[in-house]
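Please open the structure in your viewer and keep the selection tool at hand. The tour proceeds stop by stop.

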Amino acid sequence: MILEVQEISKNYGSQQAVKNVSFAIAPGEIVGFLGPNGAGKSTTLKMITGCVPLDKGAVKINGIDLWEDALKAKSLMGFLPEDNPLYGEMYISEYLEYVAGLYAMDHIKENVTEVIRQTGLQAETAKKIEQLSKGYRQRVGLAQAIIHQPKLLVLDEPTAGLDPNQTTEINALLLSLGRNKGILFSSHTLSEVATICTRILFIHRGEIVADLSRNEIGDLESLFKELTVN
Ligand SMILES: Nc1ncnc2c1ncn2[C@@H]1O[C@H](COP(=O)(O)OP(=O)(O)O)[C@@H](O)[C@H]1O
Ligand SMILES: [Mg+2]
């Protein structure tokens, strides 16, 4: 398994944001992490990527415990956080070279050129990040998440705030990347998740309430409606 999440929980004060969440992801799976706002998606993804400590439970990346060998586990995954923090003053390649340096990668220039090609950023390289449209900034966020060729890619609402064309392009990119990786990406919109994923995990009030393969999505539609009206 590329990712094993074992009974993880997180409290904020008296509020239990994530309750005993467990699941696993195999290579090649593109898993949509679906749930209404406030369900606990971002908190779960931050715990999986080591950005927020766990109150309880364990996370393993390719069998490596995230808190026992954080450096090794983190080198195997890429993360695009919800707010996609970037350095606006930097040029795209300058920023990506900086990220590649953090991973102590070899052949940095070649790898940056390749990831710029993969994410379709070639035409924008003369611009600073702050001059890019939201869709292109998301691509830069995706580029920094995949530059070290991680086995697991974790994306928090990668298409939030994008127009339908940009969403289609990002989704196509994820599909092309997903062949030999595990991908876990969150969304609060069912239609968006349903177009590219092989499996859907549904979280509601901090708990996993459904884990469905693609051909069971019909059931999910009614479940999603039911849960989001409550
Ligand atoms: N840093 C924090 N401090 C206090 N409460 C938080 C914090 N982050 C998230 N929460 C709360 O935890 C719950 C889950 O939030 P979140 O994981 O961001 O949900 P989602 O990403 O599904 O919208 C929400 O009720 C949210 O208000
Ligand atoms: Mg969120």
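Why does the distance between the end C-alpha atoms of helix H5 (residues 134-146) agree with its 13 residues? At 1.5 Å a residue, the expected span is 18 Å, and the end C-alpha atoms lie 19 Å apart, which agrees. The expected span is 1.5 Å times one less than the number of residues; helices (H or I, at least four residues) are DSSP runs, numbered from the N terminus.

This is a predicted model, in which local features need pLDDT of at least 70 and side-chain atom pairs count only at pLDDT 80 or more, while totals for chains, interfaces and linings use all residues. Residues are numbered from 1 along each chain as its sequence is written, and chains are lettered from A and ligands numbered from 1 in the order in which they are written.

Remain at H5 and select its buried residues, among them Arg137, Val140 and Leu142. A residue is buried if 20 or more other C-beta atoms, placed from the backbone, lie within 10 Å of its own, exposed if 12 or fewer, and partly exposed in between. The elements that cover these buried residues include helix H4 (108-118) and helix H6 (164-177).

Next, select Glu94, which is found in helix H3 (residues 92-102). Glu94 counts as partly exposed because it has 14 C-beta neighbours inside 10 Å. Then select Ala210: from Glu94 it is 42 Å away, C-alpha to C-alpha, and 116 residues away in sequence.

Finally, display the whole protein. Its C-alpha atoms fill a box of roughly 50 × 40 × 35 Å, taken along the principal axes, and 40% of its 230 residues count as buried.

Technical notes: Helices (H or I, at least four residues) and strands (E, at least two) are DSSP runs, numbered from the N terminus. Two residues are in contact if their C-beta atoms, placed from the backbone, lie within 7 Å.
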